[in-house]
Amino acid sequence: MRSIHTRILLSYIALIVISIGVSAIAIHEVLVIRLESRVAEAVQQEFLEMRRLTADGHDPRTGAAFTTVQAVFDVYFRRNVPSNEEAMLAFADGQLYHAALSRFPIDRLPEPALRAFADAAGAPAPGPDRPRLASYDTGSGVAYYAALPIRVGTSSGAFVVTILPVGERAEIAKLQRYGAGVILGVLVLASACAWLVTGRVLGPVRQLTETARLISQSDLTRRIPVGRQREAAEMANTFNAMLDRLEAVFRREREFVADASHELRGPLTISLGNLGLLDREVSGNPQWRGTIALVSDELVRMGRIVNDLQLLADVDHPRFIQRERIDLETFMAELVVKVSALAVRDWRLDEAGPGQGTADRHRLTEAMVNLADNAVRHTTGTDTIALGATLVDGELRLWVRDTGCGVPPKDQPYIFDRLRRGARAHLRYPGSGLGLSIVRAIAVAHGGRVELVSGPGGGATFTLVIPERPGEGAPPWPGS
């Protein structure tokens, strides 16, 4: 949920930043376009004054006709003064004739710009529309200019107006700085609001996740609180209804297993008792005694299956695992004595590492006995069965190793499944196929796993791996 919350917030911030970036670029371009438009209008105004003067062809003060471009420039500069950040230059016969730079932001124009102004004298005269601006670099920013070619009699020249809008550019930069500060504040405020809003929106989903994490097969009583938001309330109601159905199904399953186990134990006990009485009655008939022994053995096996099924049904119960402190040396010594009574084998203790941990002693004993019994079924009287236990990197590892026939590779993927046995196991011994599934269930109930290392004809090693996960109030692993 934190990851989803963070991704939504980052996506929201990315959209805001992209939108702000695009908006800032667009605003900057609009401001530049408006600046160039104002510059063009100022240049156009100066050109209109010059065109009226040359169109009339006479000095307004004396009435004398103009005979040279120099005379036109003299009259114009006597009557007009450049605006702020503006400069006007006059070129006659390819040479600079007059320059009005008093209000221009720099004292001296760059030489490349002066050459460009002089070359403009030979260009055709522009139309009455807004002049096309050109630009050059001054070191204090980009300046704009336009040239108006003039011809009077046999003399020719050019009237150049150039503008360096330093002040307006400074205003634009100032506006951008203020805008950046405002945008940063808006971004922080919007991010905080987005974090709160997304947290509120994801609240029902977070509750659903927490409820689903706390639910187990044995505890389906938790429900999601139904809020006022329509979509969230609908989701909570749907999820709660699903939990109601699951709880009913699992409750019926547990009740069935418990009832079946309870009801079957009675007939099994009665049948075994009556078979014992019948066995004494027909003690002189070997055929009947063999039949009774066979039936008794199957009834005993059925009783074990009932007990195993009950154990597997109780695995998810919160009290299935009762942790306690276990001393490995003592535990393994007692375990070897117990399993050595299963059959005549070369029983050995590989290792019983020093140390203490917390686990369910009885469940671990049950799992190890099942592994030992499995090893007995796949070995002969001359084979070796070894047990061991050690604490490694916060994990309790208990194993049963044998030198028997091993587990074929094709059987290994499902060897721990319920009611599954090896391809040829039924030829060696009778069984229900629940022993190894019980071992795995006990390991998983401890939060661990079962590992198998085996090769055909090379024996097998089954290892229970119990991680460091002490229960409430239980001591931790040594060194943790």
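Author: Two strands count as paired if DSSP finds at least two bridges between them. In this predicted model, that rule yields an open sheet of 5 strands in the order E7-E9-E10-E12-E11, with mixed pairing.

Reader: What makes E7 and E11 the edges of this sheet?

Author: E7 and strand E11 (449-454) each have a single partner strand, so one side of each is left without a neighbour in the sheet. Neighbouring strands of this sheet are turned against each other by 15 degrees on average, with direction ignored.

Reader: How do you know that E9 and E10 are paired, and in which sense do they run?

Author: Strand E9 (residues 384-392) and strand E10 (residues 395-402) are joined by 8 bridges, and since the rule asks for at least two, the two strands count as a pair; they run antiparallel. Within this pairing, Leu-387 has Val-400 of E10 opposite it. The two strands form a hairpin, with 2 residues between them.

Reader: How do you know that E10 also pairs with E12?

Author: E10 and strand E12 (residues 460-467) share 8 bridges, which meets the requirement of at least two, and their sense is antiparallel. Among the bridge partners, Leu-398 is matched with Leu-464 in E12, while Arg-401 is matched with Thr-461 in E12.

Reader: Which helices pack on these strands?

Author: H9 lies across E7, E9, E10 and E12, and runs at about 20 degrees to E10. Helix H11 (residues 435-445) packs on the sheet as well, touching E11 and E12, and its direction makes about 135 degrees with that of E11.

Reader: What makes the buried residues of H8 a face of the helix?

Author: In H8, the residues Leu-328, Phe-331, Met-332, Leu-335, Val-336 and Val-339 are buried. Seen down the helix axis, the buried residues of H8 fall within an arc of 130 degrees, so they line one face. They pack against strand E6 (324-327), strand E7 (346-352), helix H9 (361-377), E9 and E10.

Reader: How does the length of H8 compare with the expected span?

Author: Helix H8 (residues 328-339) has 12 residues, and from its first C-alpha to its last it reaches 16 Å, which is close to the 16 Å expected at 1.5 Å a residue.

Reader: Why is Glu-85 called buried, and why is Asp-393 called exposed?

Author: The relative accessible area of Glu-85 is 13%, and as buried means under 20%, Glu-85 is therefore called buried. Asp-393 has 77% relative accessibility, and as exposed means over 50%, Asp-393 therefore counts as exposed. Glu-85 lies in the loop between helix H2 (69-79) and strand E1 (86-92), whereas Asp-393 lies in the loop between E9 and E10. Phi of Glu-85 is positive, near 65 degrees, in a residue other than glycine; Asp-393, which is not a glycine either, has a positive phi of about 50 degrees.

Reader: Why are Cys-193 and Cys-405 called partly exposed?

Author: Cys-193 has 39% relative accessibility and Cys-405 has 29%; values between the limits of 20% and 50% are called partly exposed, so that term applies to Cys-193 and to Cys-405.

Reader: How many disulfides does the structure hold?

Author: A search of the whole structure finds 0 disulfides, where a disulfide would require a pair of cysteine sulfur atoms within 2.5 Å.

Conventions. Residues numbered from 1 in each chain as written. Predicted model: local features only at pLDDT ≥ 70, side-chain atom pairs only at ≥ 80, totals over all residues. Heavy atoms only, no water. Helix = DSSP H or I, 4+ residues; strand = E, 2+ residues; numbered from the N terminus. Buried < 20%, exposed > 50% of the residue type's maximum accessible area, 1.4 Å probe, protein only. Expected span 1.5 Å × (residues − 1). Arc of directions from axis to C-beta. Contact = heavy atoms within 4.5 Å. Axes fitted to C-alpha atoms, helices over the stretch in contact; angles between N-to-C directions.
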